[in-house]
There are 4 protein chains.
Amino acid sequence: MISEVFITCAVTGGGAAKQPNVPVTPQQIADSAIEAARAGAAVVHIHVRDAKTRRGSRDPALYRAVVQRIRESDVNPVINLTTGMGGDLVLGGADSPLPPDPAGTDMVGALERLVHVEELRPEICTLDCGTMNFAGHSEYIMTNTPGMLSAMAARLKHLGVRPELEVFDTGHLIHVHELLKDGLIDDQPLIQLCMGIRYGAPDDLTTLMAMVRHLPPRAVYSAFAIGRMQFPYVALAPLIGANVRVGLEDNLYLSRGRLATNAELVQRTIEILERIGVRVMSPEETREKLALKVQV
Amino acid sequence: MISEVFITCAVTGGGAAKQPNVPVTPQQIADSAIEAARAGAAVVHIHVRDAKTRRGSRDPALYRAVVQRIRESDVNPVINLTTGMGGDLVLGGADSPLPPDPAGTDMVGALERLVHVEELRPEICTLDCGTMNFAGHSEYIMTNTPGMLSAMAARLKHLGVRPELEVFDTGHLIHVHELLKDGLIDDQPLIQLCMGIRYGAPDDLTTLMAMVRHLPPRAVYSAFAIGRMQFPYVALAPLIGANVRVGLEDNLYLSRGRLATNAELVQRTIEILERIGVRVMSPEETREKLALKVQV
Amino acid sequence: MISEVFITCAVTGGGAAKQPNVPVTPQQIADSAIEAARAGAAVVHIHVRDAKTRRGSRDPALYRAVVQRIRESDVNPVINLTTGMGGDLVLGGADSPLPPDPAGTDMVGALERLVHVEELRPEICTLDCGTMNFAGHSEYIMTNTPGMLSAMAARLKHLGVRPELEVFDTGHLIHVHELLKDGLIDDQPLIQLCMGIRYGAPDDLTTLMAMVRHLPPRAVYSAFAIGRMQFPYVALAPLIGANVRVGLEDNLYLSRGRLATNAELVQRTIEILERIGVRVMSPEETREKLALKVQV
Amino acid sequence: MISEVFITCAVTGGGAAKQPNVPVTPQQIADSAIEAARAGAAVVHIHVRDAKTRRGSRDPALYRAVVQRIRESDVNPVINLTTGMGGDLVLGGADSPLPPDPAGTDMVGALERLVHVEELRPEICTLDCGTMNFAGHSEYIMTNTPGMLSAMAARLKHLGVRPELEVFDTGHLIHVHELLKDGLIDDQPLIQLCMGIRYGAPDDLTTLMAMVRHLPPRAVYSAFAIGRMQFPYVALAPLIGANVRVGLEDNLYLSRGRLATNAELVQRTIEILERIGVRVMSPEETREKLALKVQV
């Protein structure tokens, strides 16, 4: 068990924005992130959305607007930008899978997925470590091949931006170990165990413990589960040495039938952690622990 | 622990044929399968290969030649044909993933992947339950979306061919549970736990036990690992209630530096099982256990 | 995961009363149990203590005084009396283990350990399922042989008092399965997994999951850990299908350096459970779930 | 997985000698140990028996006769003497547990349990790490309190005899960690995981993995299970980094209905290990690995 953790708030995802509190515009996303930081989140994990479709976007202007607003605010959370966008592949259907369906597909080159990171230099950005089926608004393949991962990790190393390696199943940790062996990531890698996402690892404790067992020895890691398992995982994470993540990307409810805001989710998280005797780290303490490089 | 198991011999895969004993032509594949059956394999799992490139093929004529020769032989193993071919996606590289690279890509519709099964009516064919990175002769994506799996399972149900659901990581079992819930597979599904394949579940016992824990309650299952873990898994499988699989698709060596034949791998498997007190089932006993339908 | 649990409060143990809030006299014990029930505990687990030595006692008069006071109160929790007393064996030392040291030894016959249960007919009493080293005020052997367990279980069955089978290590569950096979306990046995007690099972998740795996299929169970792991286990228990237990028998602190009362521990427990979305059951709901027989 | 292991043969236990091949007299025991060594056992684990009752004995003259005969033979296995005798406590029955039943009880001081070790100076002797119910010829308590363990370990350290720490359940490893912390055992302790013994840890893989997880980081360890699980554990042990133990103390059969000799059990063990690619170590290699001190 660990006695102090940092909280990441994943303020908005890239899928359908299914409840009114899910922030959509840059201003909404920034404001929700700022409120989450005020509530106690040390890290804010950011996607951006197209204002019209309300779906996830890769537009650097949107990221820029969010990041600037957060940076100009009176709080200073660690900013963690997604790089997951641009890896969505929707095939043409069971009968004729190729060519891919242009309607849902958003596949670009490894470096193009980092354009917003190059410009905005967040302290952290994610790196999704694997390829798997996903069931979102429609079924798609989350696509991250070994070649893409190497290219992205090499560029992030050059930029000095720390990747948060997101793993969604036991085999995804092999990518982590390969990046480590190839010297493309830090030997104290930052890892996020993403549990209970459909077609990825289920959120039971046996599977979780199997994944923890395969972490690199010096890893700093978080673990979360989605939906109604979000809060139980807040209590579980410190027991297995993990930091915590909550937020509207992963769970929409404060309790059964009661829609949440990001700040409420963070506040509730702190209430749980305090009651089980776990201290919550500040952004500055988190920066020090993760040896983050502020570049802006 | 179970006290009797059936042995599947995976006589040749679809990747590079890396040692001289790996059968390539239909005659070689059939003969190797026949020898494996004589040695004690109840089930022979079959891929076919292009004689020139020596790589995996989907050509129904090749399957036909293999199956006829086995059926005309003096042994009568259960025939299990792969349906994995036709789901290989090679992207255009880290910088421009789309369009896919036609050189390595072989992606066809769900039903086209079953053409040889429609014609030859084996008692079993595989169904790979998931999408993931693969590191074979070159890196590719093994592609099996929920839509493809449903279409293939529905057709197999209609044909009366029993699918062997191959799972390569913990999340792949979600596909099994969904097919089960949708009534597309038998409520005593036949499952193969494929361990230690790069970018899939590692072959350690903790991960294996996590997967076993999520099997449907009435599943009949096998488990194997590749390379030098093939034989240790022969002894391990009955301990966790699993049947065994060996063969040149998964492992090329009888012992360090000593190339194997399929018959030798099966013979060694039987020697191990006998010595730990586990009886080996005949093809007829296996047919009865799996409620297979001979249709030809 | 289960969505509702009952809380047991273990109000005072039999070891040294190490902080001022630990109740000692019957009046103190009853009052503390009553406050715990008011705070939300459905079950109160009761030991009694000698007022002079402040150590655990088996005196029926003390149990009687506690039980009467609780029964006359305005709350009606399920009463769970210990039967652990009378099984303490202190050997004569490493050099001459026999005869036992009369100073610490308190070993009586199986039925004599039930005298207070015979008289007071609580709805539940504990049955410690195993023999092991214990490190309390001094080192002693917690002694419960198969013969003792059978004799006690048979008598409890006759009395209609439901045993709570306390297990302290993986092998103790064998006693549970033997009692079940012998028809001496209900086929929906009530089990308490006691974790982190010195010389018993450690409180890590892997060991816990190994124990859960061996529970009888229809068991109703709780799980707790001692010391600073008490509250983390409150959050963990519902995740593994378990009800919760807290109380000064197992943990003296509300937080680092802050001594607790039983009512405070229960209140904190409810705060945690509410925040992870788990409902707390009332005594009446617990009686129904456990099919308890009120006999008085 | 480890690629080479040493084999311990437990040639005869202390319980009833249930089949004719179980050696009873010193000559029989020595001869059986010699044959086991010739078959490939690097270590022979020795109990002695009273020729009349055929039950276990602590008589130093019997140990002396066995050890001398082995030492004068043409093989030179590592000798491992039990110190388990002298810790058997049979209570007076469920109704009147004290005084103990002199008929079955054999309880002596810690140092008296080492008399034969003091005289004969084997390279290894066992140290049973815990107290628990045992179901042998009759039910008894295997008694090893923390005080006894400290006294025995301290004496063995002085003598330069390496203890093999036998653990029978998860909590027993706490004794190992305490002895380690107190400097009473080597920081590369030799540990035996004893699985499937009634009232101790069951022999399933989940429990086994929980125990492996708690081993001291530099431990050298073996693992075995009894009865029909003896041979499956031979194959399993190297997978979890463990050496192997077989012998008539733990299992009487070579296969269903076919009584074994110790040499046959060892021979079978080697056949299994060879077939899964694990090399068997010689006594000299084992001595080097365990840093044993030959003192005679």
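Are Arg245(D) and Glu166(D) buried or exposed? Both are buried, and for that word I'm using under 20% relative accessible area, with exposed meaning over 50% and partly exposed in between, from a 1.4 Å probe on protein chains only.

Quick housekeeping, then. Residues are numbered from 1 along each chain as its sequence is written, and chains are lettered from A and ligands numbered from 1 in the order in which they are written. This is a predicted model, where local features need pLDDT of at least 70, side-chain atom pairs count only at pLDDT 80 or more, and totals for chains, interfaces and linings use all residues, while side-chain values use heavy atoms and leave out hydrogens and water.

Okay, back to that pair. Arg245(D) and Glu166(D) make a salt bridge at 3.2 Å, N to O; the rule is a side-chain nitrogen of Lys or Arg within 4 Å of a carboxyl oxygen of Asp or Glu. The two ends come from distant parts of the chain: Arg245(D) sits in strand β15 (residues 243-246) of chain D and Glu166(D) in strand β12 (residues 162-167) of chain D, 79 residues apart. Strands here are DSSP runs of E, at least two residues, helices are H or I runs of at least four, and both are numbered from the N terminus.

Staying with salt bridges, chain C has one between Asp250(C) and Arg245(C), at 2.9 Å from N to O. Asp250(C) is buried at 8% relative accessible area, and Arg245(C) is buried too, at 2%. Set against that Glu264(D) and Arg258(D), whose closest N and O atoms are 2.7 Å apart. There Glu264(D) is partly exposed at 22%, and Arg258(D) is partly exposed at 35%. In chain A, shared partners tie Glu166(A), Arg245(A), Glu249(A) and Asp250(A) into one salt-bridge network. Over all chains, the count comes to 74 salt bridges.

Now the interfaces, starting with chains A and B. How many residues of chain B are in contact with chain A? It's 44, against 44 residues of chain A, where contact means heavy atoms within 4.5 Å. The size of an interface is often given as the accessible area lost when the parts come together. Chains B and A bury about 3,400 Å² between them, with 64% of that on carbon and sulfur atoms; buried area is the accessible area (1.4 Å probe) lost on putting two parts together, summed over both. On the chain B side, Ala94(B), Asn133(B) and Tyr199(B) supply 17% of the area chain B buries against chain A, more than any other three residues.

Between B and A we get two salt bridges. Glu178(B) pairs with Arg198(A) in a salt bridge, closest N and O atoms 2.8 Å apart. There are also 24 residue pairs in polar contact, both residues at pLDDT 80 or more. A polar contact is a pair of N or O atoms within 3.5 Å; within protein, one must be able to donate a hydrogen and the other to accept it, and residues adjacent in sequence count only if both atoms are side-chain atoms. Elements giving two or more residues to chain B's side include α4 (146-159) and α5 (172-181) of chain B.

Next, A and C. Here 18 residues from chain A meet 18 residues from chain C, and about 1,800 Å² is buried, 72% of it from carbon and sulfur atoms. Leu205(A), Leu239(A) and Arg275(A) supply 35% of the area that chain A buries against chain C, more than any other three residues. Arg275(A) also forms a salt bridge with Glu271(C), at 2.6 Å, N to O. Across this interface the rule finds two salt bridges and four residue pairs in polar contact, both at pLDDT 80 or more. The elements giving two or more residues to chain A's side are α6 (205-213), α7 (230-239) and α8 (262-275) of chain A.

Last stop, the cores. What touches the most other members of the largest nonpolar core? Of its 179 residues, that's Ile46(A), Leu193(A), Ile46(C) and Leu193(C). A core here is a set of buried Ala, Val, Leu, Ile, Met, Phe, Trp, Tyr and Cys residues joined through side-chain atoms within 4.5 Å. A second, separate core of 167 residues includes Leu159(B), Val266(B), Ile34(D) and Val48(D).
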